[in-house]
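Grab a pencil and work through these short exercises. Try each task by yourself before you read the solution.

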Amino acid sequence: MKKIAFVTGSSRGIGRAVACRLAREGYAVAIHYLQAEDCARSLLDRLLGEGRQAAVVQADVADREAVTAAIRRAEEALGGPVSLLVNNAGIAEQHLFQDIPPAFWRRIFAVNVDGAYHTIQAVLPGMLHEKRGCIVNISSIWGQRGASCEAAYSATKGAVIAYTKALAKELGPSNIRVNCVAPGVID
């Protein structure tokens, strides 16, 4: 099976670093972005210039249909099913709990929790068919410990940790590894 990685939120930050590393490790990489097209395209140019295989796809991870379409476009461009999914896309804002706007509460769950749900469900048929694959969910130390003025973010990242544990048990017998990384502050 060809090594194809789909990294959400890979135009900048942690996702960009992960995409670069995976490309160096021999993966064809789908560079995903929501708004930072210029950053995604610059990474694409860099990877192609290094002789790597890569493609750029845009989608709001909170939109199930957009995610499914983006993954299909990536698979077509890269020549096979996704074998490694890295759920990195996420948002955060600081608010006192009593000041969290309802629209933000819904949006942060839609991106940080539902986004990973959408991408996992989109790649899972291919992984189950191949009886192999890897899913890495990026959480946060705040998902383990909580953070003052970041209750919404902490709640979403705690949810990611919980369903990662459940999916690891559910998908392990199909030779699909599911892991979670919970970094602290990153330069």
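**Exercise 1. Work out the order of helices and strands along the chain.**

Solution. Start at the beginning of the sequence and read on: the pattern is β-α-β-α-β-α-β-α-β-α-α-β. Now tally it up, and you get six helices and six strands. Here helices (H or I, at least four residues) and strands (E, at least two) are DSSP runs, numbered from the N terminus.

Before going on, a word on the model: it is predicted, so local features need pLDDT of at least 70 and side-chain atom pairs count only at pLDDT 80 or more, while totals for chains, interfaces and linings use all residues. Residues are numbered from 1 along each chain as its sequence is written, and side-chain values use heavy atoms, leaving out hydrogens and water.

**Exercise 2. Find out how much of the chain is buried, and which contacts hold the bigger share.**

Solution. First, the cut-offs: buried means under 20% relative accessible area, exposed over 50%, and partly exposed in between (1.4 Å probe, protein chains only). With those, buried residues make up 47% of the 187 residues.

Next, the contacts (heavy atoms within 4.5 Å). Take those with a separation of 6 or more: 67% of them join residues 24 or more positions apart.

**Exercise 3. Place His 129 in the structure and say whether it is buried or exposed.**

Solution. Step one: His 129 sits in helix H4, which covers residues 102-130. Step two: its relative accessibility is 66%. That is over 50%, so His 129 counts as exposed. Step three, look for Ser 174: it is 45 residues from His 129 in sequence, yet their C-alpha atoms are 9.2 Å apart in space.

**Exercise 4. Count the disulfides, then check Cys 39 and Cys 134.**

Solution. The rule asks for a pair of cysteine sulfur atoms within 2.5 Å. By that rule the count is zero. Take Cys 39: the nearest cysteine sulfur belongs to Cys 20 and is 12 Å away, so Cys 39 is in no disulfide. Cys 39 has a relative accessible area of 23%, which makes it partly exposed. Then take Cys 134: its nearest cysteine sulfur, that of Cys 180, is 12 Å away, and Cys 134 is in no disulfide either. At 9% relative accessibility, Cys 134 counts as buried.
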